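Reader: I would like a close look at a single part of this protein, taken slowly and with its surroundings. Could you choose one helix and walk me through how it sits against its neighbours?

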Amino acid sequence: MSALLSLQLSTAQEGERVRARSGAQDPRDFFAGPQPGRRCPRPPESPAPAPRLHTVWRRPRGCPATLDGMPAAMLPYACVLVLLGEAAGMAGAGHLHWEPRCQQLLPNRAPVTALLPPRLDGPWISTGCEVRPGPEFLTRSYTFYPNRLFRAYQFFYRDPSCSEPAYSLLIKGRVRLRRASWVTRGATEADYHLHKVGVVFHSRRALLDVAGRLDHSKAGRDCAHRLPPARAWLPGALYELLGAGAERDCAAALGFTMHELSLVRVQRRLQPEPRAAPRLVEELYLGDIHTDWAERRHYRPTGYQRPLQSALHHAHPCPACSLIARSDEHHPPVLPPQAALPLRLGGRWVSPGCEVHPAVLFLTRLFTFHGHNRSWEGYYHHFSDPTCRQPTFTVYAAGHYTKGTPSVKVRGGTELVFQVTRARVTPMDRVTTAMLNFSEPSSCGGPGAWALGTERDITATNGCLPLGIRLPHVEYELLRMERDPLGQSLLFIGQRPTDGSSPDTPEKRPTSYQAPLVLCDSVAWGFSLQHGDRLQMPVRGGTPCPHVAPLPVLLLVLRPAFLQWL
């Protein structure tokens, strides 16, 4: 089903195409100082009003910020304001309605702010139990300090509700943000160095499990001898895997890395609330985890895992947040057990926002399940930007699925087999249209020219070779259903293999999940545009970003001295 996501394009060609289309320049151009001999105009004192859109004065490239254009106190950081609302509707009605209407590509039209460079300072926590490939059930609590040091807790569990702690990892080190990523648009690349990694076992069984994993290699066996025998286990004892007291890097022998810190994105959004002002939420996106254990040590992320949220500004209600924020390696959070929800596929499910998948795939998904005959159909809307505003192509797929059975390997999951028997493709930009027209007619859609925005059936050609689509196709899937604290139904579909292959055999069935889909019968909430000002206020000191017009996409780079910050 999700093999349709695997579009293999050259990253360099994609970047050149996007920059050519948008007219973007090298990001370093935005931070250039004033040009000698160049006069910088002053902002207009009273811009002429526009009937539909507000206007905003933009400082020409190379001109420094001034008190007339933007306050100097705003220079310590940069803000990238990406307003995901429809500008015309916002300017006209004065209210922004939030509802997952499945006819729209992005159901959540609340404003989102990406911070460049990211501001990591402060505590960040999981908002619930997370599932990593393996499977591994865990919660995380990371704290970043102004001097670039960090302390991270990873709490591992035996159950999918994260109510039975197994062991905790204490990680200390230093992280240094470097530059905007040319691979994953909207992300920042970073380097990190680990100073210490320690483990605390919360049961004898957990100690035996970790020792068994170390026995798979000679280096691991040497590290396993450093752990105490099960009969000598002491609750609360910390054993160093990496650090001054460790003879060798036993964290590496265990397969542990913090490569997730090499790709960073921080964003703010407003959480709509019924009959109340929207709540400010800060999210920290870190790099994804490779689905193959053997590749984790060498993999550099190109996508994200489930975001952490600021312990000071997180979504509400969040029963797990306070538990995780107060925990440490000796006192892991014990989340309340969740009742298992039966998997009842039916209705329409949609992505709550723009999704970033490995291999630089930006997309949204919309699925419709027909339970009476176990058929399904889905739309995969692909984009070239991290805000899902520049469409490249859309894939429609349909088929059938089998009756689900409880997963033995991943507790709480349900195993199904999906068949893809029909598909259609709609090119949404000129580059994709040209690529399809240059391909062999027998490989995608048959004879006839492809036209921009025109859908064509690719079933007769057994798929579309240029887009990596094969028909008919079978995938072994893993699904799970949950309900969030607001009572909204969530559908989790298995995470795709990081190498871009398809789970077309039972052995390749996923052991973790993608970002959840939401059911399309949610209640619509409205809030006034005046609350959008909260997105522009700094959370931990500093000064507010300038008040700007509600344009759909607006890039504000406020610090010419960005290179000094690196």
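Author: The buried residues of helix α7 pack against three strands, namely β18 (391–401), β20 (414–427) and β22 (463–464). This is a predicted model, and what follows should be read with that in mind.

The helix itself spans residues 430–438, and within α7 the residues Thr432, Thr433 and Leu436 are buried. When α7 is viewed down its axis, these buried residues fall within an arc of 100°, and therefore they line one face of the helix. An α-helix has 3.6 residues a turn, so residues three or four places apart point the same way. On the face of α7 that is turned away from the buried side, by contrast, one finds Arg430 and Phe438, which are exposed.

Of the strands that the helix packs against, β20 leads on to further pairing, since seven bridges join β20 to β24 and the two strands run antiparallel. Within this pairing, Thr414 stands opposite Leu479 of β24. Strand β24, which covers residues 473–483, is mostly covered, with eight of its eleven residues buried. From β24 the pairing continues to strand β25 (residues 489–493), to which β24 is joined by five bridges, again in an antiparallel arrangement; here Arg480 has Phe492 in β25 as its bridge partner. Five residues lie between the strands in the hairpin of β24 and β25, and in this hairpin Gly487 takes a positive phi near 85°.

To set this part against the rest of the model, it helps to turn to the nonpolar cores. The largest of them has 42 residues, and those with the most contacts inside it are Phe144, Phe150, Ile171, Phe201, Met258 and Leu284. Strand β8 (residues 165–180) gives the largest share of this core, six residues. A second core, separate from that one, has 31 residues and includes Trp376, Trp450, Ile469 and Met481. In soluble globular proteins, nonpolar side chains tend to be buried together.

Returning to Phe150 of the largest core, and leaving aside its neighbours within four places in sequence, the residues in contact with Phe150 include Phe144, Ile171, Val175, Leu194, Met258 and Leu261.

Finally, there is enclosed space to consider: the largest cavity holds about 220 Å³. Its lining is made up of 20 residues, of which Arg132, Gly255, Phe256, Thr257 and Arg296 lie nearest its centre, while the elements that give two or more residues to this lining are β7 (149–157) and β8.

Technical notes. Residues numbered from 1 in each chain as written. Predicted model: local features only at pLDDT ≥ 70, side-chain atom pairs only at ≥ 80, totals over all residues. Heavy atoms only, no water. Core = buried A, V, L, I, M, F, W, Y, C linked by side-chain atoms within 4.5 Å. Buried < 20%, exposed > 50% of the residue type's maximum accessible area, 1.4 Å probe, protein only. Helix = DSSP H or I, 4+ residues; strand = E, 2+ residues; numbered from the N terminus. Contact = heavy atoms within 4.5 Å. Arc of directions from axis to C-beta. Pairing = 2+ DSSP bridges. 1 Å grid on protein atoms, 1.4 Å probe; cavity = no way out; pocket = protein on both sides within 12 Å on 5 of 7 lines; lining within 4 Å. Points joined across faces, edges and corners; volume = space filled by probe spheres on them.
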